[in-house]
Every structure is written in structure tokens, then in C-alpha cells.
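User: Please take a close look at one part of this model, the long helix and what packs against it. I would like the contacts, the crossing angles and the burial in one connected account.

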Amino acid sequence: ITQRQAVREHLYERITALLPEPFQEALDELLEVKGGSLSPFQRLKQPPGQSSPKSMLKLIRKMERIEETGILAIDLSWLNNNYQRSLTRYAQRCSADPLRQLIPERRYAVLVCFLWHTYRDTIDYMVDMHDKIMTGVYSRAENQVDEEMRKRRKVLQASLDSFRTI
């Protein structure tokens with residue numbers, strides 16, 4: 001148990017060492033509630049919503065917010081993926097207040113893993129949402145073409161009936 005705890009502390013310290021002071025301030029700002037009812041951290045945790053252009057723009061803003069923190073410049077390839085997911089799940093379960101109360105090293109490690117994971121998930125959501133939007137547009141266009149063809153067939157059939165009668 002002592003060794004496991006020592007390894008965790010080392011990981012937290014190593015991640016914090018990778019963060020310059022402005023990045024740490026940007027991470028702390030995510031946990032602050034300014035004027036609204038939700039912190040930026042809580043907004044990042046919100047689900048993408050129904051497939052629509054409005055939701056797609058919301059996902060783009062989420063990605064831009066993550067990019068503004070500068071976290072994407074940090075290489076976490078050395079950190080075990082399972083441990084990254086574990087820290088991400090911890091962040092997803094917590095609100096901003098419990099995260100604010102963590103020691104800075106652990107808070108930064110949790111937030112860095114959460115932001116990386118959220119960024120990758122957001123890209124996946126965007127691809128999926130784009131596919132759904134395009135499929136919907138294609139289906140509506142196909143239905144409109146089919147409806148127009150039915151109307152033209154009816155007009156053509158009526159014209160042929162009139163021609164036969166004449």
C-alpha cells in the first residue's frame with residue numbers, strides 16, 4: 001500500500017512538473033464559478049445532446065475551451081491508459097468543489113487526464129454527430145426526390161390516359 005501510494009504521488013508530481021504556471025492557473029479557473037450557475041468544468045462534463053448544427057457548434061466550443069487551457073501540449077503517453085481513465089472517471093463523478101479541495105498535484109493530474117479524455121471523446125462525438133446529420137440530410141433529400149418522382153409519374157400517367165382517350 002505504501003509503495004502504491006508513493007507511485008501515485010510520483011505520478012501526480014510528474015504531471016504537475018509538466019505544467020507551466022499559466023497552465024495551472026487555467027486549470028484552476030475551470031473550477032471557479034463566475035457569474036453563472038455552472039463552472040466551466042461542469043460545462044465540459046455536459047453531454048453532447050441531439051445531433052444538430054447547434055449541438056455541433058457546442059462541441060466545437062467545448063474543444064476550443066480545452067485547447068485554450070494549453071493541456072494538449074502535454075504528452076501523457078508515458079502514463080498508463082487505465083490510470084488515465086481512472087482519474088477521468090474520478091473527475092466525471094465529482095463536482096468542482098471536491099476537486100478544488102484536492103491537493104494541487106492530484107487536482108492537476110485529475111484535470112489533465114479529464115481534459116485529454118474529454119477532448120478525444122468530443123472528437124468522437126463530432127464525427128458521430130456529423131455522420132448522423134449527413135445521414136438525416138441524405139434521407140430527407142432522398143424522400144423529397146422520391147415524392148417529386150411520384151408526383152411526376154401521376155401527372156405523366158394522367159397525360160397518357162388523356163392521350164389514350166383522345
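Analyst: What follows takes the helices that meet α7 one at a time, then some individual residues, and then the cysteines. The model is predicted, and the account should be read with that in mind.

Helix α7 spans residues 104-165. Helix α1, residues 2-18, meets α7 with the two axes coming within 8 Å and crossing at roughly 75°. An angle from 65 to 115 degrees counts as roughly perpendicular, and α1 and α7 are therefore roughly perpendicular to each other. On the α1 side the contact is made by Tyr12, Glu13, Ile15 and Thr16, and on the α7 side by Glu105, Arg106, Tyr108, Ala109 and Val112. By class, the residues of this contact of α1 with α7 are five nonpolar, one polar and three charged.

Helix α2, residues 21-30, also crosses α7: the axes come within 10 Å, at an angle of roughly 80°. α2 and α7 are thus roughly perpendicular to each other as well. Here Gln24, Leu27, Asp28 and Leu30 of α2 meet Arg107, Tyr108, Leu111, Val112 and Leu115 of α7. The contact of α2 with α7 comprises six nonpolar residues, one polar and two charged. Tyr108 and Val112 of α7 take part in the contact with α1 and also in the contact with α2.

The burial within α2 can be set beside this contact. Gln24, Ala26, Leu27 and Leu30 are the buried residues of α2. They lie on the same side of α2, because they cover an arc of only 160° around the axis. An α-helix has 3.6 residues a turn, so residues three or four places apart point the same way. The cover over the buried residues of α2 includes α1, α3 (40-45), α4 (53-69) and α7. Glu25, also in α2, counts as partly exposed at 43% relative accessibility. The C-alpha atom of Glu25 is separated by 23 Å from that of Ile60, with their positions 35 residues apart along the chain.

Helix α5, residues 81-93, is another partner of α7, with axes that come within 8 Å and cross at roughly 95°. This pair, α5 and α7, is therefore roughly perpendicular too. From α5 the contact draws on Gln84, Arg85, Leu87, Thr88, Tyr90, Ala91 and Gln92, and from α7 on Arg106, Ala109, Val110, Cys113, Phe114, His117 and Arg120. The contact of α5 with α7 divides by class into seven nonpolar, four polar and three charged residues. Arg106 and Ala109 of α7 belong to this contact and to the one with α1.

Within α5, Ala91 is buried, at 0% relative accessibility. Leaving aside residues up to four places away in sequence, Ala91 touches Phe41, Lys45, Val110 and Phe114. Ala91 and Leu115 are 24 residues apart in sequence, and their C-alpha atoms are 9.6 Å apart in space.

Further along α7 is Met129, which counts as buried at 3% relative accessibility. Not counting residues up to four places away in sequence, Met129 touches Pro48, Gly49, Gln50, Ser51, Ser52, Ser55, Met56 and Leu59. Of these, Ser52 is 77 residues from Met129 along the chain, yet the C-alpha atoms of the two are separated by 7.5 Å.

The contact of Met129 with Met56 can also be followed from the other side. Met56 sits in helix α4 and is buried, at 13% relative accessibility. With residues up to four places away in sequence left out, Met56 touches Met126, Met129 and His130. Met56 and Met126 are 70 residues apart in sequence and 6.5 Å apart in space, C-alpha to C-alpha.

The cysteines remain. Cys113, part of the contact of α7 with α5, is buried at 1% relative accessibility. Cys94 is also buried, at 11% relative accessibility. A disulfide requires cysteine sulfur atoms within 2.5 Å. The sulfur of Cys113 has its closest cysteine sulfur in Cys94, 14 Å away, which is too far for a bond. From the side of Cys94, the closest cysteine sulfur is that of Cys113, at 14 Å. The count is therefore zero disulfides.

Terms used. Residues are numbered from 1 along each chain as its sequence is written. This is a predicted model: local features need pLDDT of at least 70, side-chain atom pairs count only at pLDDT 80 or more; totals for chains, interfaces and linings use all residues. Side-chain values use heavy atoms; hydrogens and water are left out. Axes are lines fitted to C-alpha atoms, for helices over the stretch in contact, and angles run from 0 to 180 degrees between N-to-C directions. Helices (H or I, at least four residues) and strands (E, at least two) are DSSP runs, numbered from the N terminus. Angles under 35 degrees count as roughly parallel, over 145 as roughly antiparallel, 65 to 115 as roughly perpendicular and the rest as oblique. Contact means heavy atoms within 4.5 Å. Ala, Val, Leu, Ile, Met, Phe, Trp, Tyr, Cys and Pro count as nonpolar, Asp, Glu, Lys and Arg as charged, and the others, Gly among them, as polar. Buried means under 20% relative accessible area, exposed over 50%, partly exposed in between (1.4 Å probe, protein chains only). The arc is that of the directions from the helix axis to the C-beta atoms.
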